[in-house]
Amino acid sequence: MPGDKKTLALVARLTDVLNRQQLDEIEVERTRGEFDSLRVRIKRTKQPAPERKPKAPTETSSRLRNSLLAPTVGDSETDDFAAGTVRSEMVGTAYLKASPDAPKPFVRIGQAVEEGDPILIIEAMKTMNQILSPHSGIVVKVLVDDGEPVQFGTALMVIH
């Protein structure tokens, strides 16, 4: 039935998936009878990659990038690095501050964070999505620059 609680909960969850995965359309068809069935159709049209304005590398970002060259597989540093890496769950633009004129970023290297603390924002489809720390720990590395485009799975920061 169109107004039942289960249907409304399903629509809410699918809407969340639609927004997070940048889908264009989700169609759900439920049939009732001897065998109830549910058919879901998902549609996504390819969107061009966001245009990135070249930035002059800063001394800090160059040093950070050089320090992040991946060590060899099996190295204990690689295992530690992977364990605390926070990855993007969406495509968009990462912002380290709440607003362009904010005096400081959400977090700094060496700062303690609790699970659920905001650590950065990813703008996706003109929506600002607050990214929360998945666990408590210390911010060890920030792997993206403010205003940098990110893809699904991009390493954003390391929290141990």
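**Entry 1: a working rule**

I count a residue as buried under 20% relative accessible area, as exposed over 50%, and as partly exposed in between. With that rule I went first to Lys126, which counts as exposed because its relative accessibility of 78% is over 50%. A reminder to myself before going on: this is a predicted model.

**Entry 2: the chain as a whole**

I looked up the overall make-up next. The protein chain holds 3 helices and 10 strands. Reading from the N terminus, I noted the order α-β-β-α-α-β-β-β-β-β-β-β-β. Of its 160 residues, 25% count as buried. The chain exposes about 11200 Å², and carbon and sulfur atoms supply 56% of that area. I also checked how far along the sequence the contacts reach: among contacts with a separation of 6 or more, 53% join residues 24 or more positions apart.

**Entry 3: how far to trust it**

I found a mean pLDDT of 76 for the protein chain, with 72% of the residues at 70 or more. Residues 62-80 are another matter, since their pLDDT is below 50. This stretch still has 14 contacts in the model beyond near neighbours in sequence. Where pLDDT is low, the predicted coordinates should not be read in detail. I therefore leave the fine detail of such places alone.

**Entry 4: the loop between E6 and E7**

Back to Lys126, which lies in the loop between E6 and E7. Which residue did I find in this loop between strand E6 (118-124) and strand E7 (127-132) besides it? Met125 is there. I looked at the backbone of both residues. Met125 has a positive phi of about 55° and is not a glycine. Lys126 also is not a glycine, and its phi is positive at about 65°. For exposure, Met125 reaches 47% relative accessibility, so it counts as partly exposed, whereas Lys126 is exposed at 78%.

**Entry 5: Ser133**

I moved on to Ser133, in the loop between E7 and strand E8 (137-142). Is Ser133 buried or exposed? Ser133 is buried, because its relative accessible area of 3% is under 20%. I then asked what its side chain reaches, and found the backbone oxygen of His135 at 2.5 Å. Setting aside residues up to four places away in sequence, Ser133 touches Val113, Glu114, Glu115, Gly116, Asp117, Ile119 and Ile159. One of these, Ile119, falls within strand E6 (118-124).

**Entry 6: strands E1 and E2, and a nonpolar patch**

I went looking on the surface for nonpolar residues. Val28, Leu38, Val40 and Ile42 make a nonpolar surface patch of about 330 Å². Which strand gives the most to the patch? Strand E2 (residues 37-43) does, with 3 residues. Val28 sits in strand E1 (residues 25-31). Val28 is partly exposed at 35% relative accessible area, so it clears the cut-off of over 30% that patch residues must meet.

Ile26 is also in strand E1. I read its relative accessible area as 22%, so Ile26 is partly exposed too. Its C-alpha atom is separated from that of Val40 by 7.0 Å, and the two residues are 14 apart along the chain. Leaving out residues up to four places away in sequence, I found Ile26 touching Leu14, Leu18, Val40, Arg41 and Ile42. Val40 and Ile42 in that list are patch residues as well.

**Entry 7: Val144 and Thr85**

Last stop for the day. Val144 lies in the loop between E8 and strand E9 (148-150). With 2% relative accessible area, Val144 is buried. The C-alpha atoms of Val144 and Leu96 are separated by 8.4 Å, with their places 48 residues apart along the chain. Apart from neighbours within four places in sequence, Val144 contacts Ala94, Leu96, Val150, Thr154, Ala155 and Leu156.

Thr85 is in strand E3 (residues 85-87). I have Thr85 down as buried because its relative accessible area is 13%. Which residues is Thr85 in contact with, leaving aside its neighbours within four places in sequence? I found Ala155, Met157 and Val158. Ala155 turns up in the list for Val144 and again in the one for Thr85.

How values were computed. Residues are numbered from 1 along each chain as its sequence is written. This is a predicted model: local features need pLDDT of at least 70, side-chain atom pairs count only at pLDDT 80 or more; totals for chains, interfaces and linings use all residues. Side-chain values use heavy atoms; hydrogens and water are left out. Patches are made of residues with over 30% relative accessible area and no salt bridge: like charges are joined within 9 Å, nonpolar side chains (Val, Leu, Ile, Met, Phe, Trp, Tyr) within 5 Å. Accessible areas come from the Shrake-Rupley method with a 1.4 Å probe; for residues, only the protein chains shown count as cover. A salt bridge is a side-chain nitrogen of Lys or Arg within 4 Å of a carboxyl oxygen of Asp or Glu. Helices (H or I, at least four residues) and strands (E, at least two) are DSSP runs, numbered from the N terminus. Buried means under 20% relative accessible area, exposed over 50%, partly exposed in between (1.4 Å probe, protein chains only). pLDDT is the predictor's confidence in each residue, from 0 to 100. Contact means heavy atoms within 4.5 Å. A polar contact is a pair of N or O atoms within 3.5 Å; within protein, one must be able to donate a hydrogen and the other to accept it, and residues adjacent in sequence count only if both atoms are side-chain atoms.
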